[in-house]
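Dear colleague,

I am handing over the structure below, and after it I set out what was found in it. Please read the notes with the coordinates open beside them.

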Amino acid sequence: MSRILVPCHVKGTVALQVGDVRTSQGRPGVLVIDVTFPSVAPFELQEITFKNYYTAFLSIRVRQHTSAHTPAKWVTCLRDYCLMPDPHSEEGAQEYVSLFKHQSPSMTFPKWLSHPVPCEQPALLCEGLPDPSRVSSEVQQMWALTEMIRASHTSTRIGRFDVDGCYDLNLLSYT
Amino acid sequence: MLQEESDLSLIIAQIVQKLKGSNLYSQLERQAWASLQRPEIKLESLKEDIKEFFKISGWEKKLQNAVYSELSVFPLPSHPAAPPEHLKEPLVYMRKAQGSWEKRILKSLNSMCTELSIPLARKRPVGEQKELLNKWNEMGTDEPDLSLFRPVYAPKDFLEVLINLRNPNYENGDSLSFRTHLGLIQVPLKVKDIPELKECFVELGLNIGQLGIDDSTQVPPELFENEHVRIGQKVLAEQDSAAAQQYIRQGSPTALRAELWALILNISSQPEDVLYYEQLKTNVIQHDLLVDSLIYKDVKLTASNDDYYFVFEDYLYQKLPQLPQCSAATTLDQSAAIHIEVLLCFSRDTSVLSHFAYNSASPPKSYIRGKLGLEEYAVFYPPNGVIPFHGFSMYVAPLCFLYHEPSKLYQIFREMYVRFFFRLHSISSHPSGIVSLCLLFETLLQTYLPQLFYHLREIGAQPLRISFKWMVRAFSGYLATDQLLLLWDRILGYNSLEILAVLAAAVFAFRAVNLMEVTSLAAAEAVLADLSTLKVMPLLQIFLFATVT
C-alpha cells in the first residue's frame, strides 16, 4: 500500500481568548488552526507532518460524520502532546514533527477515517500487535528513504582541492 | 514502538553507508576473504564461522569501535522532511547570525588580500618549492616578515556577535528590568543547573577516585592510583573505545594518555594515514595560501608570548626530567615547527569538509582566477574550509606533548577539531556550542554566586568578558599543561564541552573573595590573569559537589 500526500487547506491561526479581541491587550497562549480536506474521497490518515514554530503543546480534534442523517461530531485524537519539554527555552522550538496514527495509545483515529477500497483487507487500528505486512512495508519505506539519502550524499573523500592542478585564487565569493 | 524501529533502521543505514567508504571496510573484506583459507571456516556455516573469526581475531572489536565513533560524532538522523541546513543548525535565527558573521570574515580576508596585493592562493614556482622543502624543519626558527598580516578576527570580536544574538520570537517584557539583561547572552537556550550537572558528571563526585586529586603526593598510591593504572592498562589491552571513554572520566595516567586518547578517538595509524599526511605536505609545498601567513603569525605570537611560553616551558622542565635543560629551547623550537606543519597540512585537508554537515558554519567559496561565476571552477578556500583566527594554534599546542610522530599528531588534532573544537567558534544552539557554554557559565554564576555576579556587573566587569577567552581556547595556554590535559581527559570522557563552562564558573568561585574587593574591570582581570597555579579537578569537584545549592 503506497502512501500519498492528501491535499489539504490550512487556514490561518485564530487566537482563543476571553473577552473582546479588539480591546484586549492580552497575549493568548492558545491558537487554533483549521485544516480542511476539500473534495477528497475518504482516506486512511497515516501521518501528519509539520515544522514547529514555538508551539509547546498540541491537541488535534477531528470532526466526523457518522452517517448522512446525524449531525457531525468533534472527537479529540490527541491532547496536549508535548512538542517543547521546556517552553521557555529553545528545545523543540523549530523541529520537524511527524505524528503517526499508531504512535501512542492516545492517538487513535476513529474508524470512520478508514474507508478501505472494497477489494482490500480492512486495516487494523487497534493497539495490539501491529499487522506484519504493515510492519514490513514501513521498514521498506525507511529503506527507500535511506536509498534517497545515499544517492544524494557524496561521502567519498576526493582529496583534490584544485581544478586540473590550478588553485590560483584572488578573492572569496559572497554568494 | 514502530517509530523507534524505523529510527533505528535509519541510523543503522546511515552508519553502514559511512563505514562502507572507510579503510576498515576494505580491511574487513580482505580479512574475510583471507579467512577462507583457515581450517575452521566451513562452507556450510560460512557466515557464522567468519563472524566467529572476526570476534576472536579482534576485528569485531575494531568494527564496534568504529560504530561507537560514528555514534559519538554524528548527530542522530533528523526527520526525513528536514533539509540539510536543519541538521547543521535547527534554529533559523542562529543560522542567519552565523551567515552574517561568516560574511564579515570573508570581507575581512578579502580586504587583507586587496590591501596587501597578495592572492588568496597561488602555485609556488619550482624554485620556491625546492627551497621550502630544504627549509622544512626550520619552520620554527625562520623569521618571515609577518608585520603586515593581522588576524582575521579575535575572540573578543566574536563575543560581540554573540552578545547581539536575539531570538525574534522571544519577548521578556516591555521594559528593561533587573532580571532581564543581567548577563550578556540574551537567547533562551536550555542549560543545565548544578543538580543536573551532578547527574551528568557523576564520576567527578567526592567519593570517587580522580586523577588530579587522589594521585597527589600525600595520598598513598595503593588507595586509588595503582588500581586505576592497572585498569587503564587492561582497557588498552582490550582495545575497547567505549570502555576507554568511560575510564577516562576519572582521568588518564600520563603514561597511558596518548594511547587512550587515540583509542577513544578511534585513531590507529595505518600506512594509508601516513601516506595521506605526506600527500598533505606535498600540497603545502606546491601551493602557497594566504592563511599560511596567518598560521605562522599565530604560532609565532604564541611562542613569543611570555604567558603562554611559560606554561609549556614549565611543563617541559617539570614533567620531562630526562630532558637536559639546555635542549628545552630546541624542543620548543621543534614544537613550533611541528605546530606550523600540522596547521598548514590541516588547511589543505579536504576530508575536514565532511564535518560541515553538522557544523552550523559553511566553508568559504572562491573561483579559480578568471573564472568567476563558473560552477565547474568553484572551489573551497582554504581546502578544508576553516579560516584560522587569533589563538587557533592553541588547539594543537597541548597535543604536541603527547604525540611526537607528526602524522599521528595530525590525525589526533583533526579528530579533536571535527568532534569538539569547531563548536567553540561557530554560532549554534548545540549544548556544547560556545553560545550554550557562555549561557551556562553566566547562569551558574548568577544562580550560585549572585552577590559576586551583581558586584562584578556593577563595576563594569561582566564576568563573561573575562572568561570568554578561556572557553574559546578550551583553556589552552591558561592552565598548566598537566592540568589542561586532565581537563581535556574529561572532555573526551563525557563527549561534551560543558565542563569548560563549569570550570570557568569554578575559577570565579575560587577567587570570589578577592573579586568582591575589586572596583574596576582592570583589577578584576588582574585577579584572574594567572591561572597557571590552579588545580582543575579540586575546583570542579568543590563547585559541583561541595557547594550548597
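In chain B, which has 549 residues, 54% of the residues are buried, and I should say at once that this is a predicted model. The accessible surface of chain B comes to about 24,600 Å², with carbon and sulfur atoms accounting for 55% of that area. The radius of gyration of chain B is 25 Å, which agrees with the value near 24 Å for a compact globule of 549 residues, and the C-alpha trace spans about 80 × 65 × 60 Å along its principal axes. Chain B contains 25 helices and 4 strands, and 77% of its contacts between residues at least 6 apart in sequence join residues at least 24 apart.

One helix pair in chain B deserves a look: helix 13 (residues 271–286) and helix 17 (residues 406–419) pack with their axes 9 Å apart, at an angle of about 90°, and the two are therefore roughly perpendicular to each other. On the helix 13 side, D273(B), V274(B), Y276(B), Y277(B) and L280(B) take part, meeting P406(B), S407(B), Y410(B), Q411(B) and R414(B) of helix 17. By class, this contact has 6 nonpolar, 2 polar and 2 charged residues.

Turning to chain A, 24% of its 175 residues count as buried, and it exposes about 12,500 Å², of which carbon and sulfur atoms supply 59%. Its secondary structure consists of 1 helix and 7 strands, in the order β-β-β-β-β-β-α-β from the N terminus. Among contacts in chain A between residues at least 6 apart in sequence, those joining residues at least 24 apart make up 56%.

With best wishes

Terms used:
Residues are numbered from 1 along each chain as its sequence is written. Chains are lettered from A and ligands numbered from 1 in the order in which they are written. This is a predicted model: local features need pLDDT of at least 70, side-chain atom pairs count only at pLDDT 80 or more; totals for chains, interfaces and linings use all residues. Side-chain values use heavy atoms; hydrogens and water are left out. Axes are lines fitted to C-alpha atoms, for helices over the stretch in contact, and angles run from 0 to 180 degrees between N-to-C directions. Angles under 35 degrees count as roughly parallel, over 145 as roughly antiparallel, 65 to 115 as roughly perpendicular and the rest as oblique. Contact means heavy atoms within 4.5 Å. Ala, Val, Leu, Ile, Met, Phe, Trp, Tyr, Cys and Pro count as nonpolar, Asp, Glu, Lys and Arg as charged, and the others, Gly among them, as polar. Buried means under 20% relative accessible area, exposed over 50%, partly exposed in between (1.4 Å probe, protein chains only). Accessible areas come from the Shrake-Rupley method with a 1.4 Å probe; for residues, only the protein chains shown count as cover. The radius of gyration is taken over C-alpha atoms; the globule rule is 2.2 Å times the number of residues to the power 0.38.
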